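Biologist: I would like a close look at one part of this model and what lies around it. Please keep to what can be read from the coordinates.

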Amino acid sequence: MSSKVTRYPGTEITGDQAKAGRYLLTRYETELRYSWSSGKAISRFLEGLRDGELWGRRCDGCGRTMVPPRMYCELCFRPTDSWVRLKDTARVVTYSVSYVNADASRREGEEPVIVAVVEIEGASPMMGMLHLLGEVSADELAVGMRVKAVWKPRGERRGAITDIAYFRPVRGGPQA
Ligand SMILES: [Zn+2]
């Protein structure tokens with residue numbers, strides 16, 4: 001025999017009743033503190049960012065150099081083999097020119113935000129990251145454009161992807 005529950009036992013407290021003080025109400029603010037392990041590969045990657053360096057991980061099985069690095073190759077089903085120091089230059093794979101802020105308000109009178117997926121030079125194809133582009137106008141943008149990381153000053157780096165302020169075009173060098 002099965003019966004569908006249409007009403008739960010107990011007495012519902014409505015918002016109006018609570019506001020009217022019909023029930024004891026206790027308010028408190030929690031202070032939540034927690035740590036999260038970023039793992040062996042990403043920890044080294046983040047430490048590298050703090051030092052102004054990009055590190056990838058090579059798999060001898062498939063020959064790929066992965067960035068962000070991982071300790072296990074999902075294609076070969078085996079641990080990756082070695083650390084590879086990468087240059088901080090990249091190619092633009094795709095980009096988006098945004099005239100709205102993160103809160104959906106218009107960027108009136110401000111330059112648009114340019115977000116791009118960049119492929120790090122020296123790593124395997126399609127290895128890279130989503131980041132900001134700077135020192136470039138929307139008209140100049142092109143897929144394949146060569147860019148270089150602009151690092152925050154050493155004292156402002158925190159071991160985060162934002163230690164790179166943005167990528168800027170490499171002008172005068174070979175393009176695509
Ligand atoms: Zn592999």
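Which residue in strand 2 stands opposite Arg57?

Modeller: The model is a predicted one. In strand 2, the residue opposite Arg57 is Met66. Arg57 also has a bridge partner in strand 5, namely Trp83. Arg57 thus has a partner in strand 2 and another in strand 5.

The strands around Arg57 form an open sheet of three, ordered 2-1-5, with antiparallel pairing. Strand 2, residues 65-66, and strand 5, residues 82-86, are the edge strands, each pairing on one side only. Strand 1 covers residues 54-58 and is joined to strand 5 by five bridges, the two running antiparallel. Between strand 1 and strand 2 there are two bridges, again in the antiparallel sense. These two strands make a hairpin with six residues between them, and Gly63 in its turn has a positive phi of about 80 degrees.

Just past strand 2, which ends at 66, comes Val67. Apart from neighbours within four places in sequence, the contacts of Val67 are Leu54, Gly56, Leu86, Ile120, Ala123, Met127 and Gly128. Val67 is also among the residues with the most contacts inside the largest nonpolar core, a set of 21 residues. The others named with it there are Val118, Ile120, Leu133, Val147 and Phe167. At least two core residues come from each of helix 2, strand 6, strand 7, strand 9 and strand 10. Strand 7 contributes the most, with four residues. As a general tendency, nonpolar side chains in soluble globular proteins are buried together.

Helix 2 is the next element to consider beside this sheet, since its buried residues pack against strand 1 and strand 10. Those buried residues are Phe45, Gly48 and Leu49. Viewed down the helix axis they fall within an arc of 100 degrees, so they line one face of helix 2. An α-helix has 3.6 residues a turn, so residues three or four places apart point the same way. The other side of helix 2 has Gly39 and Lys40 exposed. The length of helix 2 is as expected: twelve residues at 1.5 Å each should span 16 Å, and the end C-alpha atoms are 16 Å apart, which agrees. After helix 2 comes Gly52, with a positive phi near 75 degrees.

Ala41 ties helix 2 back to Arg57. Ala41 lies in helix 2, and its contacts beyond four places in sequence are Arg57, Pro69, Arg70 and Met71. A residue counts as buried at 20 or more C-beta neighbours; Ala41 has 19 other C-beta atoms within 10 Å, so Ala41 is partly exposed. Ala41 and Ala116 are separated by 75 residues in sequence and by 24 Å in space, C-alpha to C-alpha.

A second arginine can be set beside Arg57. Arg91 belongs to strand 6, and it counts as buried because it has 20 C-beta neighbours inside 10 Å. Leaving out neighbours within four places in sequence, Arg91 touches Val118, Glu119, Glu121, Gly144, Met145 and Arg146. One of these, Val118, is also listed among the core residues with the most contacts. Arg91 and Val170 are 79 residues apart in sequence, but their C-alpha atoms are 9.9 Å apart.

The whole chain gives the setting. The protein has two helices and ten strands, and in order from the N terminus both helices come before the strands. The radius of gyration is 25 Å, well over the 16 Å from the globule rule for 176 residues, so the protein is more spread out than a compact globule. The C-alpha trace spans about 75 × 50 × 40 Å along its principal axes. Of the 176 residues, 18% count as buried. Among contacts with a separation of 6 or more, 53% join residues 24 or more positions apart.

To return to the request: Arg57 faces Met66 in strand 2, has Trp83 as its bridge partner in strand 5, and is in contact with Ala41.

Key
Residues numbered from 1 in each chain as written. Predicted model: local features only at pLDDT ≥ 70, side-chain atom pairs only at ≥ 80, totals over all residues. Core = buried A, V, L, I, M, F, W, Y, C linked by C-beta atoms within 7 Å. Buried ≥ 20, exposed ≤ 12 C-beta atoms within 10 Å, placed from the backbone. Contact = placed C-beta atoms within 7 Å. Pairing = 2+ DSSP bridges. Rg over C-alpha atoms; globule rule 2.2 N^0.38 Å. Expected span 1.5 Å × (residues − 1). Arc of directions from axis to C-beta.
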